[in-house]
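Thank you all for making time for this short presentation. I would like to walk through one structure slowly, so please keep the sequence and the picture in view while I talk.

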Amino acid sequence: MQYRKWAYEDILAVAALEKECFRDPWSYRMLADSFFSDSTITVLAEEDGKVLGYGFLIAPGEDADLANIAVGTEYRRRGIAQGILQSLEKRAASTGVRRIFLEVRVSNAPAMSLYLKEGYVGRYVRPRYYGDGEDALVMEKLLPQG
Ligand SMILES: CC(C)(COP(=O)(O)OP(=O)(O)OC[C@H]1O[C@@H](n2cnc3c(N)ncnc32)[C@H](O)[C@@H]1OP(=O)(O)O)[C@@H](O)C(=O)NCCC(=O)NCCS
C-alpha cells in the first residue's frame, strides 16, 4: 500500500469514491478547487495503481479541519483509513499544524471508532449541522510537537 499526495489526475477517482461513500458528496469541481488551494493537505491510498481511499485536511494555520476521509466499501477494515489519517497528521505537523478538528455524523459509528482509536476526543455537538438535519460531533486532536 502506498500513501501519497493527490495528483490532479487522481481527482476523478476521488470524486467517484465520494459518490460511493457519501449521501452528500463533494463534486469534482469542489474537490478540484480544494486541490489547488495552498492550505489543502491531501493523501490517498493506492495499491496496484488503484485508488482505494483518500483524505484531505484544510490547514490554513495551526488549526486544521479534516474535510473528508473515505475508503472504498470493498477495502474497509484493512487499516487503510488509519494509514491515511496518520499520513495526513504527519504531513500537517511538518507544516506547523498543531491541532486537527473534525465533524462526524452522530450516527457514524465506524468513523467515530476510527477517530477515537487514533486519539481524537469528542468536544461538543453541532445541532443540525448536516443538510438533512443530523447533528455533528466535533472532535479534536492535539498533534505531538516535533
Ligand atoms: C470510516 C471509514 C473511513 C473507515 O475506513 P477503514 O479503512 O475501514 O478503517 P480502518 O480499517 O483503518 O479501521 C481502523 C479502526 O477504526 C474502527 N472501525 C473502522 N470501521 C469500523 C466499523 N465498521 N465498525 C466499528 N469500528 C470500525 C476500528 O477500531 C478499526 O480498527 P480494527 O479494524 O483494528 O478494529 C470507512 O468506513 C468509510 O469510508 N466510511 C464511509 C465514509 C465516512 O463515513 N467517512 C468519515 C466521514 S466523518
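**A walk through the sheet, a helix and the ligand shell**

Let me begin with a single pairing, where Gly 53 has Val 71 in S4 as its bridge partner. Before I build on that, please keep in mind that what we are looking at is a predicted model.

The pairing I just named belongs to a set of 6 bridges that join S3 to S4, and these two strands run antiparallel. S3 and S4 form a hairpin, with 4 residues between them. If we now turn to S2 and S3, we find that they also run antiparallel, and that 8 bridges join them. One example for you to locate is Glu 46, whose bridge partner in S3 is Val 51. The hairpin of S2 and S3 has 2 residues between the strands, and in this hairpin Asp 48 takes a positive phi near 50°.

How do S4 and S5 run where bridges join them? They run parallel, and 3 bridges join the two. Here you can look for Ala 64, whose bridge partner in S5 is Ile 100.

With those pairs in mind, we can put the whole sheet together, which is an open sheet of 7 strands in the order S1-S2-S3-S4-S5-S7-S6, with mixed pairing. The edge strands are S1 and S6, the latter covering residues 121–126, and each of them pairs on one side only. From one strand to the next, the twist averages 25°.

Let me stay with the sheet for one residue, Leu 52, which is found in strand S3. Is Leu 52 buried or exposed? Leu 52 counts as buried because 22 other C-beta atoms lie within 10 Å, and the cut-off for that label is 20 or more. Leaving aside residues up to four places away in sequence, Leu 52 touches Ala 45, Glu 46, Glu 47, Val 71, Gly 72, Tyr 75 and Ile 80. Leu 52 and Ala 15 are 37 residues apart in sequence, while in space they are 12 Å apart, C-alpha to C-alpha.

For contrast in the labels, please find Ile 11, whose place is in helix H1, residues 11–21. Ile 11 counts as partly exposed because it has 19 C-beta neighbours inside 10 Å. Its contacts, again not counting residues up to four places away in sequence, are Trp 6, Tyr 28, Leu 31, Ala 32 and Phe 35. Ile 11 and Arg 29 are 18 residues apart in sequence and 9.3 Å apart in space, C-alpha to C-alpha.

Next comes helix H3, which has 15 residues and reaches 21 Å from its first C-alpha to its last, close to the 21 Å expected at 1.5 Å a residue. The buried residues of H3 are Ile 80, Ala 81, Ile 84, Leu 85, Leu 88, Glu 89 and Ala 92. What do these buried residues pack against? They pack against strands S1, S2, S3, S4 and S5, and also against helix H4. Just after H3, Gly 96 takes a positive phi of about 95°.

That brings me to backbone angles, where the general rule is that most residues other than glycine have a negative phi. Arg 77 has a positive phi of about 60° although it is not a glycine, and its place is in the loop between S4 and H3. Arg 77 counts as exposed, because it has 8 C-beta neighbours inside 10 Å. Arg 128 likewise is not a glycine, and it has a positive phi of about 50°; you will find Arg 128 in the loop between S6 and S7. Arg 128 is exposed, with 11 other C-beta atoms within 10 Å.

Finally, let us look at the ligand, which has 19 residues around it, and of these Arg 76, Ala 81, Pro 110, Ser 113 and Leu 114 come nearest. Strand S4, helix H3 and helix H4 each supply at least two residues of this shell. Which element gives the most to the shell? The answer is H4, with 6 residues. By character, the residues of the shell divide into 11 nonpolar, 4 polar and 4 charged.

Notes. Residues numbered from 1 in each chain as written. Predicted model: local features only at pLDDT ≥ 70, side-chain atom pairs only at ≥ 80, totals over all residues. Near = placed C-beta within 6 Å. Nonpolar A, V, L, I, M, F, W, Y, C, P; charged D, E, K, R; others polar. Expected span 1.5 Å × (residues − 1). Buried ≥ 20, exposed ≤ 12 C-beta atoms within 10 Å, placed from the backbone. Contact = placed C-beta atoms within 7 Å. Pairing = 2+ DSSP bridges. Axes fitted to C-alpha atoms, helices over the stretch in contact; angles between N-to-C directions.
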